[in-house]
Amino acid sequence: MRRIISVLIENEAGALSRVIGLFAQRNYNIESLTVAPTEDETLSRLTLTTEASDKQVEQITKQLNKLIEVVKLVDLTDGEHIERELMLIKLKAAGAQRAEIKRTADIFRGQIVDVTNATYTIQLTGTTEKLDAFLRSMADSTIMEVVRSGVSGLSRGEKILAL
Amino acid sequence: MLSGGDILIRSLQEENVDHVFGYPGGAVLHIYDALFRQNKVKHVLVRHEQAATHMADGYARSTGLPGVVLVTSGPGATNAVTGIATAYMDSIPMVVISGQVQSHLIGTDSFQETDMVGISRPIVKHSFLVKKAEDIPMIIKKAFYIATTGRPGPVVVDIPKDITNPTDLVEYEYPSDVAIRSYSPAGKGHTGQIKKAISMLLNAERPMIYAGGGVIQGNGSELLVTLCRKVGFPVTNTLMGLGAFPATDSQFLGMLGMHGTYEANMAMHHCDLILAVGARFDDRVTNTVSKFCPNAKIIHVDIDPASIAKNVDVDVPIVGPVVSVLSEMNALLEANWVNRTDDQEKLLAEWWSQIEGWRKQDCLAVERDEHDTQIKPQEAVQAVYRATNGTSYVTTDVGQHQMFAALYYPFDEPRKWINSGGLGTMGFGLPAAMGVQMAFPEEVVTCITGEGSIQMNIQELSTCSQYGLPVKVINLNNRSLGMVKQWQDMQYDGRHSHSYMDSLPDFVALVESYGHIGFKVDRLDELEDVLAEVYSEKLKNRLVFVDIQTDPEVHVYPMHVAPNGSMRDMWLKKGVRT
Ligand SMILES: Cc1ncc(C[n+]2csc(CCOP(=O)(O)OP(=O)(O)O)c2C)c(N)n1
Ligand SMILES: [Mg+2]
């Protein structure tokens with residue numbers, strides 16, 4: 001099952017490499033990973049998605065917790081949560097294609113953030129499935145470049161991940 | 001105001017470090033100079049950095065105190081890696097200080113630069129790269145705190161040369177406390193879980209107590225013995241746990257696992273309850289996991305939550321230090337054991353009689369043909385046991401000799417049996433014995449080794465001369481990499497690919513050249529007398545190396561049948577299996 005694990009780590013040199021190293025060392029997979037400082041400058045928040053069974057995810061969270069620089073973590077997929085990913089996509093857009101692409105982007109609530117006479121660059125946010133669906137709706141031949149941020153997420157309701 | 005080098009040494013003094021095992025080089029010259037200008041911390045100069053880590057390790061395993069290592073950057077640091085990994089796999093507290101190139105040279109492929117924090121990352125509990133001299137006291141404080149608390153392990157402190165510069169002076173104050181917000185080792189076990197465990201113990205019909213190295217590391221042996229005596233259940237120890245429960249006690253079934261005794265493995269397979277304490281269900285214990293102890297409920301006590309339910313599903317997990325959990329269990333047992341019914345005690349007696357049946361197999365009996373005059377390695381270990389009254393510290397290397405030592409030298413006390421169980425590091429035995437001897441100069445320390453392993457750190461015979469370390473080295477010389485050869489006999493139709501030890505040195509002449517005493521023994525009837533002399537008062541202060549020519553054809557048995565075997569599937573001798 002796909003899991004989203006959110007981790008607060010000390011904002012220190014080397015902390016990130018320990019998390020990534022742990023995944024490599026123990027043969028866990030990482031599908032996406034995003035990390036940035038938080039409102040508390042001593043902490044970074046790292047979100048990673050992984051494909052793992054219940055037993056594996058139990059080991060992953062336990063092993064992550066053993067890292068000295070990991071302060072706290074939560075498996076967001078344990079409960080109701082919000083997840084978002086940002087995608088920038090550069091498309092060939094000429095002639096009749098331009099209107100069609102614009103219409104599809106509107107349906108997905110995408111924004112055109114850069115335009116040339118032959119290309120559109122579209123910004124899209126949403127769940128991973130939504131971004132995947134948008135990509136599928138674009139003919140392969142029109143896609144020039146794609147960059148995705150990886151998943152970020154929060155628990156719904158009152159529940160928080162904080163010190 | 002002090003320099004970083006002096007601050008480091010002062011910090012080690014604050015941590016009551018009495019021995020540092022190390023080897024100098026460019027990046028640690030300032031630190032070595034600071035060492036020179038004091039006399040509280042004793043530095044032991046080894047001949048190879050790997051040996052420094054194993055010495056610190058032997059010191060730590062025998063005393064329970066952290067071992068401390070000091071090496072230079074680059075090759076000094078990489079030479080230490082095997083010893084750090086050895087300590088990591090067996091959860092041994094160790095602090096390794098490595099020199100690093102000057103801060104401004106890091107990342108430029110400068111002379112003797114290596115990314116020690118990166119190289120050691122998967123084999124340390126934690127590591128630090130020091131950024132400024134002012135940080136040294138807090139980092140050292142944290143390093144010792146992390147290495148020795150929770151599940152212990154090695155910590156690396158990498159110090160760039162400029163940080164220890166004698167001309168850069170900064171304020172020095174050693175912190176009195178340390179707290180790390182992201183690190184809080186378990187303080188005690190969950191009382192509800194402990195109660196659940198007690199009721200399972202009360203109701204068990206065919207129980208087993210399976211205790212590992214965590215009991216020794218956590219200083220829980222006495223409490224374990226109290227518990228075992230109270231309940232009267234059979235007890236087995238892992239390779240790492242030998243000595244946690246007295247091996248000559250009638251409740252002890254011997255070691256379990258790949259080379260465990262018949263009775264221990266049979267009892268594990270047939271039991272209905274396992275109380276696992278400070279053990280980690282290693283693959284060398286369980287054999288095929290899906291066939292492991294099919295009828296057993298499992299209570300697992302461990303300080304590391306990640307050890308629990310990692311390899312085997314557990315019914316009652318208890319996370320906590322052994323001392324606190326076992327104390328709580330003992331108090332509850334004291335109050336509740338009166339509720340055991342006669343029926344339950346009768347079932348336990350039946351279980352014991354089944355076990356006695358397995359014991360009759362006498363799986364450790366030594367085979368010998370009438371006209372065979374060769375020394376069997378098992379007999380050699382038994383002779384060492386008798387010559388030392390079973391009270392020696394014993395370190396080993398890795399191979400058949402290690403298993404023979406584990407099986408034929410019963411340990412009645414914790415911390416006397418010292419071997420590399422997790423990593424299985426050949427070359428561990430001699431330097432580990434030296435570390436033990438450093439810690440206990442008056443005690444008898446024996447290294448049981450093989451002619452293959454001893455050559456992996458034999459240069460330390462020189463260190464032994466320098467420091468007068470009277471280690472007794474028992475070389476079970478089978479002229480082969482015996483354990484490898486055994487597997488080739490059993491799984492590769494006896495094709496002995498590179499398991500033959502050719503061009504062996506004359507060990508007696510070799511040790512004599514270092515100023516030690518050597519004996520060569522090839523007849524059983526000489527062995528007893530030679531060992532009596534080796535362990536005599538006369539040679540108490542001398543390193544003695546006994547090169548015992550043993551029968552090269554002997555295999556270690558019992559041995560688990562693999563692959564796809566369960567705990568009860570064993571080879572009992574050549575060609576004979578359960
Ligand atoms: C550093 C290292 N290299 C290789 C091995 C693999 N290995 C395990 S036992 C063994 C043979 C050891 O030979 P010896 O020390 O003579 O002991 P014996 O088995 O003959 O008693 C080897 C090569 C190891 N454990 N450690
Ligand atoms: Mg050998």
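Where in chain B is the place of Pro558(B)? Pro558(B) sits in the loop between β20 (544-549) and β21 (559-560) of chain B; helices (H or I, at least four residues) and strands (E, at least two) are DSSP runs, numbered from the N terminus.

## About the model

This is a predicted model, in which local features need pLDDT of at least 70 and side-chain atom pairs count only at pLDDT 80 or more, while totals for chains, interfaces and linings use all residues. Residues are numbered from 1 along each chain as its sequence is written, chains are lettered from A and ligands numbered from 1 in the order in which they are written, and side-chain values use heavy atoms, with hydrogens and water left out.

## Two cis prolines

Let us stay with Pro558(B) for a moment. The peptide bond that leads to Pro558(B) from Tyr557(B) is cis, with omega near -5°. A second cis bond joins Ala562(B) and Pro563(B), where omega is about -5°. Pro563(B) belongs to the loop between β21 and β22 (570-573) of chain B. For context, most peptide bonds are trans, and most residues other than glycine have a negative phi.

## Two asparagines with positive phi

Phi also has something to show here. Asn27(A), in the loop between α1 and β2 (32-37) of chain A, has a positive phi near 65°. Asn27(A) is exposed, with a relative accessible area of 72% (buried means under 20%, exposed over 50% and partly exposed in between, with a 1.4 Å probe and protein chains only).

In chain B, Asn389(B) has a positive phi of about 50° although it is not a glycine. Its loop runs between α14 (377-387) and β15 (393-396) of chain B, and Asn389(B) is exposed, at 63% relative accessible area.

## Around ligand 1

Now to the ligand. There are 17 residues around ligand 1, and Gln400(B), Gly424(B), Ser453(B), Ser480(B) and Gly482(B) come nearest; a residue counts as near if one of its heavy atoms lies within 4 Å. The shell divides into 6 nonpolar, 10 polar and 1 charged, where Ala, Val, Leu, Ile, Met, Phe, Trp, Tyr, Cys and Pro count as nonpolar, Asp, Glu, Lys and Arg as charged, and the others, Gly among them, as polar.

Oxygen atoms of ligand 1 take part in several polar contacts (pairs of N or O atoms within 3.5 Å). A backbone N or O atom of Gln400(B) is 2.8 Å from a ligand oxygen. Side-chain N or O atoms also reach ligand oxygens, at 2.6 Å for Ser453(B) and 2.9 Å for Asn478(B). Taken alone, ligand 1 exposes 590 Å², and the protein buries 76% of that (Shrake-Rupley areas with a 1.4 Å probe). Two elements of chain B, α15 (400-408) and α18 (482-491), give two or more residues to the shell, and α18(B) has the largest share, with 3 residues.

## The second largest pocket

About 980 Å³ of space lies in the second largest pocket. A pocket is an open set of points on a 1 Å grid over the protein atoms alone, where a 1.4 Å probe fits, with protein on both sides within 12 Å along at least five of seven lines; lining residues have an atom within 4 Å of a point. Grid points are joined across faces, edges and corners, and the volume is the space filled by probe spheres set on the points.

The lining has 38 residues, and those nearest the pocket centre are Lys62(A), Gln63(A), Lys66(A), Leu67(A) and Asp304(B). The largest share, 4 residues, comes from α2(A). In character, the lining divides into 17 nonpolar, 10 polar and 11 charged.

Key:
Polar contact = N/O pair within 3.5 Å; in protein donor to acceptor, adjacent residues only side chain to side chain.
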